[in-house]
Amino acid sequence: MVWAILFRAEVTAIPQYMFNSNSKVRDISLTNVTDVGQYAFANCSNVRNINLPACTHIGESAFYTCRRSTVIASSATLNLPEVVSIDANAFYEIVFSNANLTISLPKCTTLGQGAFRAVNASYGMLVKEVDLPLVQTIGNQAFQRATITDLKIGANCTSLGQNIFLNATITNLYCEATTPPTIGSNNLGSPTLSHIY
């Protein structure tokens, strides 16, 4: 039975599909890993904590549908301090059980299509804050069906893809760009978006 994943210091990448659908993985502590491959932890149903302090890239669908029993980051912050890019559907339909969770991505410049699509869409959970101070582009459907209290987009953002807020519940959207980013179709037509700042 696997409860925790601890790799030697020289391991810097998790190959694609490595732990896909492994229901025994509980704690992921990968302090030297800089790259998580596509579907690496997809469908893992018992993950309790993720610690990726050196990771710069999260591949497509890396944590795809880790849901219901999933408790990602028992602390109040899911901090990925070095992540620069998050690929398509990386956190698609993931459920964070901590209602006060903050997702801090201080170096992220690229958020792929569906990256946080349907995050906390089920089971009445929400994310308190998503902070993207350096993001430049946000892909199509990135926050579709997501439930977030505060979504903060920094001054560098130039492009918001199509349907990024489709059927989302976002209380406050903050955008610091002096020149508003280009915006794809159907972004503001159907979300529950209470305030835009």
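1. Leu188 counts as partly exposed because its relative accessibility is 48%. Buried here means under 20% relative accessible area, exposed means over 50%, and partly exposed lies in between (1.4 Å probe, protein chains only). Leu188 sits in the loop between strand 16 (182-183) and strand 17 (192-196). Strands (E, at least two residues) and helices (H or I, at least four) are DSSP runs, numbered from the N terminus.

2. Provenance comes next. This is a predicted model, in which local features need pLDDT of at least 70, side-chain atom pairs count only at pLDDT 80 or more, and totals for chains, interfaces and linings use all residues. Residues are numbered from 1 along each chain as its sequence is written, and side-chain values use heavy atoms, with hydrogens and water left out.

3. Leu188 belongs to a surface patch. Together with Ile183 and Ile196, Leu188 makes a nonpolar patch of about 290 Å². Patch residues have over 30% relative accessible area and no salt bridge; nonpolar side chains (Val, Leu, Ile, Met, Phe, Trp, Tyr) are joined within 5 Å, like charges within 9 Å. Areas come from the Shrake-Rupley method with a 1.4 Å probe; for residues, only the protein chains shown count as cover.

4. Now the overall make-up. The protein chain has 17 strands and 0 helices. Of its 197 residues, 46% are buried. The chain exposes about 8,600 Å², and carbon and sulfur atoms supply 48% of that area. Take the contacts (heavy atoms within 4.5 Å). Among those between residues at least 6 apart in sequence, 46% join residues at least 24 apart.

5. One open sheet takes in the even-numbered strands from 2 to 16. Its 8 strands follow the order 2-4-6-8-10-12-14-16, with parallel pairing. Strand 2 (13-14) and strand 16 are the edges: each has a single partner strand, so one side of each is left without a neighbour in the sheet. Pairing requires at least two DSSP bridges between two strands. Strand 2 and strand 4 (residues 35-36) run parallel and are joined by 2 bridges. Ala13 has Asp35 in strand 4 as its bridge partner.

6. Strand 13 (147-153) deserves its own point. Strand 13 is mostly covered, with 5 of its 7 residues buried. Strand 11 runs parallel to strand 13, and 5 bridges join them. Leu132 stands opposite Ile153 of strand 13. Strand 15 (residues 169-175) also runs parallel to strand 13, through 6 bridges. Asp150 has Asn172 in strand 15 as its bridge partner.

7. Salt bridges follow. Side chains of opposite charge can pair when their charged atoms come close. The cut-off used is a side-chain nitrogen of Lys or Arg within 4 Å of a carboxyl oxygen of Asp or Glu. The whole structure holds 3 such bridges.

8. Glu82 and Lys107 form one salt bridge, with the closest N and O atoms 2.8 Å apart. This pair links distant parts of the chain, 25 residues apart: Glu82 lies in the loop between strand 7 (77-79) and strand 8 (85-86), Lys107 in the loop between strand 9 (102-104) and strand 10 (110-111). Glu82 is partly exposed because its relative accessibility is 29%. Lys107 is partly exposed too, at 38%.

9. Arg145 and Glu93 form another, with the closest N and O atoms 3.4 Å apart. Arg145 is in the loop between strand 12 (137-138) and strand 13, and Glu93 is in the loop between strand 8 and strand 9, so the pair ties together parts 52 residues apart in sequence. Arg145 is partly exposed at 27% relative accessible area, whereas Glu93 is buried at 15%.

10. Lys152 and Glu129 also meet in a salt bridge, at 3.5 Å from N to O. Lys152 lies in strand 13 and Glu129 in strand 11 (residues 127-132), so the pair ties together parts 23 residues apart in sequence. Lys152 is partly exposed, with a relative accessible area of 28%. Glu129 is buried, with 17%.

11. Which cysteines are buried at 0% relative accessibility? Cys55 is one of them, and Cys108 is another. How many disulfides does a search of the whole structure find? The search finds 0, taking a disulfide as a pair of cysteine sulfur atoms within 2.5 Å.
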